[in-house]
Amino acid sequence: MNEKLSVLKNECLKCKACELGKSRTNVVFGDGNDNAKIVFIGEAPGANEDLQGKPFVGRSGKLLDEMCESVGLSRNTNIYIANTVKCRPPENRDPSPYEQRACAGWLKGQLEIMRPLIIVCVGRIAAQEVIGKDFSISRQHGEFFRHGKMYLTAVYHPAAVLRNINLKPATVEDLKKVRELYDKITAG
Ligand code: URA
């Protein structure tokens with residue numbers, strides 16, 4: 001158990017900084033190994049996540065878990081998953097820039113506490129927020145960007161993979177590179 005992270009989580013569960021605090025069922029803070037050095041970041045919770053209070057638990061979440069597990073990554077062991085926005089936007093609309101700004105401090109706090117070695121953005125929206133606003137998911141997925149001691153990368157969103165199953169091999173390959181980089185960084 002990561003004490004600092006659970007203190008931050010308890011504060012986050014009370015957050016009313018934007019309108020989403022009124023419509024949510026649960027705050028979706030994050031899930032996985034609290035001390036993991038690989039952190040996945042998605043966009044915002046959907047309906048299933050809002051109901052269960054956990055990120056990526058719907059159909060696309062199951063696919064993400066399956067692809068991760070095929071390369072030895074799992075929230076039971078070596079990864080943690082969070083979102084840029086912690087509460088579900090109604091009707092699954094995109095979070096507004098105001099809501100994104102109001103929420104940004106929570107993810108920043110999570111990353112400051114966890115100090116991951118690798119951040120994996122899940123989908124274009126998270127990649128544009130975390131890596132850079134001009135990030136192109138189709139051209140730059142699987143590339144690593146150095147940021148201090150940390151490596152940033154992005155993979156296709158599993159919802160996009162469900163819509164176009166041809167994206168699956170490239171996504172598994174990108175996740176395999178994450179696993180290999182992690183093994184390289186942590187060896188010796
Ligand atoms: N999509 C996301 O980006 N995050 C979730 O938690 C679920 C679906």
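**Notes on two helices, the core and the ligand site**

1. Starting at the N-terminal end, helix H1 (residues 3-12) has four names to mark as buried: Leu5, Ser6, Leu8 and Cys12. Around the axis these residues cover an arc of only 160°, so they sit on the same side of H1. Keep in mind throughout that this is a predicted model.

2. Now turn H1 over. The face pointing away from the buried side carries Glu3 and Lys4, both exposed. As for what covers the buried residues, strand E3 and helix H5 (97-114) are included. Lys4 comes up again at the helix end: Asn2 caps the N-terminal end of H1, with a side-chain oxygen 3.3 Å from the backbone nitrogen of Lys4.

3. Helix H4 (residues 59-69) can be read in the same way. Its buried residues are Ser60, Gly61, Leu63, Leu64, Met67 and Cys68. Looking down the axis of H4, you'd find them within an arc of 160°, so they line one face of the helix. Arg59 and Lys62 are exposed, on the face turned away from that buried side.

4. What do the buried residues of H4 pack against? Two strands and two helices: E2 (38-42), E3 (79-83), H8 (158-163) and H9 (168-186). E3 is worth keeping in view, since this strand is also part of what covers the buried residues of H1.

5. On to the core. The largest nonpolar core has 52 residues, and the ones touching the most other members are Ile38, Phe40, Leu73 and Tyr80. Take Leu73 as the example: leaving aside residues up to four places away in sequence, Leu73 touches Ile38, Phe40, Cys68, Asn78, Ile79, Leu175, Val178 and Arg179. Cys68 in that list is one of the buried residues of H4.

6. Then there's the ligand. Around it you'll find Gly42, Glu43, Ala44, Pro45, Glu49, Pro55, Phe56, Asn83 and His157. Three of these names deserve a look for polar contacts. For Glu43, a backbone N or O atom lies 2.9 Å from a ligand oxygen. For Phe56, a polar backbone atom is 3.1 Å from an oxygen atom of the ligand. With His157 the side chain is involved: one of its polar atoms lies 3.1 Å from a ligand oxygen.

7. How much of the ligand's accessible area does the protein cover? On its own the ligand has 240 Å² of accessible area, and the protein covers 92% of that.

Key: Residues numbered from 1 in each chain as written. Predicted model: local features only at pLDDT ≥ 70, side-chain atom pairs only at ≥ 80, totals over all residues. Heavy atoms only, no water. Buried < 20%, exposed > 50% of the residue type's maximum accessible area, 1.4 Å probe, protein only. Arc of directions from axis to C-beta. Contact = heavy atoms within 4.5 Å. Near = heavy atom within 4 Å. Polar contact = N/O pair within 3.5 Å; in protein donor to acceptor, adjacent residues only side chain to side chain. Areas by Shrake-Rupley, 256 points an atom, 1.4 Å probe, with all protein chains shown as cover. Core = buried A, V, L, I, M, F, W, Y, C linked by side-chain atoms within 4.5 Å.
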